[in-house]
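Colleague: Pick one part of this model and walk me through it slowly, please. I'd like to see how the pieces there fit together.

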Amino acid sequence: INDTEVPINPELRLSLLNGSTLVAETTTRLTIAARSSVELTADALLGTFTDVSYAYMFGKPNHDAVVVTLIDPDSGKLLAESFHFPTGIGASRAPARLQTQVMRISDSAYSLTIASDELALAVAIEATGWRLSDNYFNIAPGRERTILLCADGTPSRFSGRVTALNSVTSVGFHAASE
């Protein structure tokens, strides 16, 4: 869906994952007119019947997560990302190891980049005194998300913790000079 007043030409990536293993992936360029939408099927994108939603249940599923990503091809910026878990979000998964990187933007703003080696579920950021541009999101294996944190009033010490439903431990972060 494009709610803006101008057409967009994003790259759409459809990925099927079994744990951290990429089972299938395809990318295509789209043109989405202003204030309109485009509807595509996974089978058409992949070029074969795949039962992406596991609706037919023909044997054991070959994937446990479907990730659809829209990317601005010029800037590489993530425009949107959606996850679907055909066997349920509670399926047995490998523990995710999270990594963080902090970059100071100003005295009252930082960016926090979070990466994961495995599919990280419901990544949660705790940073008292800081407003987050996003929270409680998933991260596909080998990918990362960058979140903007802005001071909620007078800037306090920049520090916090990141965890995920399927991570064994939380990961602390802080400003480099602190």
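**A sheet and its charged ties**

Modeller: Let's start with one pair of residues: Val67 sits across from Phe83 in β4. Before we go on, keep in mind that this is a predicted model, where local features need pLDDT of at least 70 and side-chain atom pairs count only at pLDDT 80 or more, while totals for chains, interfaces and linings use all residues. Residues are numbered from 1 along each chain as its sequence is written, and side-chain values use heavy atoms, with hydrogens and water left out.

Now zoom out a little. Strand β3 covers residues 65-71, and 6 bridges join β3 to β4, with the two running antiparallel. Two strands count as paired here if DSSP finds at least two bridges between them. The strands themselves are DSSP runs of E with at least two residues, while helices are runs of H or I with at least four, and both are numbered from the N terminus. Another facing couple in this pairing is Ile71 and Leu78 in β4. The hairpin of β3 and β4 has 6 residues between its strands, and Gly76 there takes a positive phi near 80°.

β3 has company on its other side too: 7 bridges connect β3 with β1 (residues 11-18), again antiparallel. There, Glu11 faces Ile71 in β3. So how covered is β3? Of its 7 residues, 6 are buried, which makes the strand mostly covered. "Buried" means under 20% relative accessible area, "exposed" means over 50%, and "partly exposed" is in between (1.4 Å probe, protein chains only).

Put the strands together and you get an open sheet of 4, in the order β2-β1-β3-β4, with antiparallel pairing. β2 (21-29) and β4 (78-84) are the edges; each has a single partner strand, so one side of each has no neighbour in the sheet. From one strand to the next, the twist averages 15°. Angles like that are taken between N-to-C directions of lines fitted to C-alpha atoms (for helices, over the stretch in contact), and they run from 0 to 180 degrees.

Next, look at how charged side chains tie this region to other places. Side chains of opposite charge can pair when their charged atoms come close. A salt bridge here is a side-chain nitrogen of Lys or Arg within 4 Å of a carboxyl oxygen of Asp or Glu. Searching the whole structure turns up 8 of them.

One involves edge strand β4: Arg143 makes a salt bridge with Glu81, with 3.6 Å between the closest N and O atoms. This pair links distant parts of the chain, as Arg143 is in the loop between β9 and β10 (144-151) and Glu81 is in strand β4, 62 residues apart. Arg143 is buried, at 19% relative accessible area, whereas Glu81 is partly exposed at 24%. The link goes further, since Glu25, Glu81 and Arg143 belong to a network of salt bridges.

Another salt bridge has Arg93 and Asp64 meeting at 3.2 Å, N to O. Arg93 lies in the loop between β4 and β5 (98-106) and Asp64 in the loop between α1 and β3, so the pair ties together parts 29 residues apart in sequence. Both ends are buried: Arg93 has a relative accessible area of 18%, and Asp64 has 9%.

A third one gives you an exposed example. The side chains of Glu5 and Arg35 come together at 3.3 Å, N to O. Glu5 is in the segment before β1 and Arg35 in the loop between β2 and α1, so this pair joins parts 30 residues apart in sequence. Glu5 is exposed at 65%, and Arg35 is exposed at 57%.

One last stop is the loop between α1 (42-46) and β3, which is where you'll find Phe58. Phe58 is exposed, at 62% relative accessibility.

Finally, here's where the sheet sits in the whole. The chain has 1 helix and 12 strands, and 37% of its 178 residues count as buried. Among those strands, β9-β7-β11-β12 form an open antiparallel sheet of 4.
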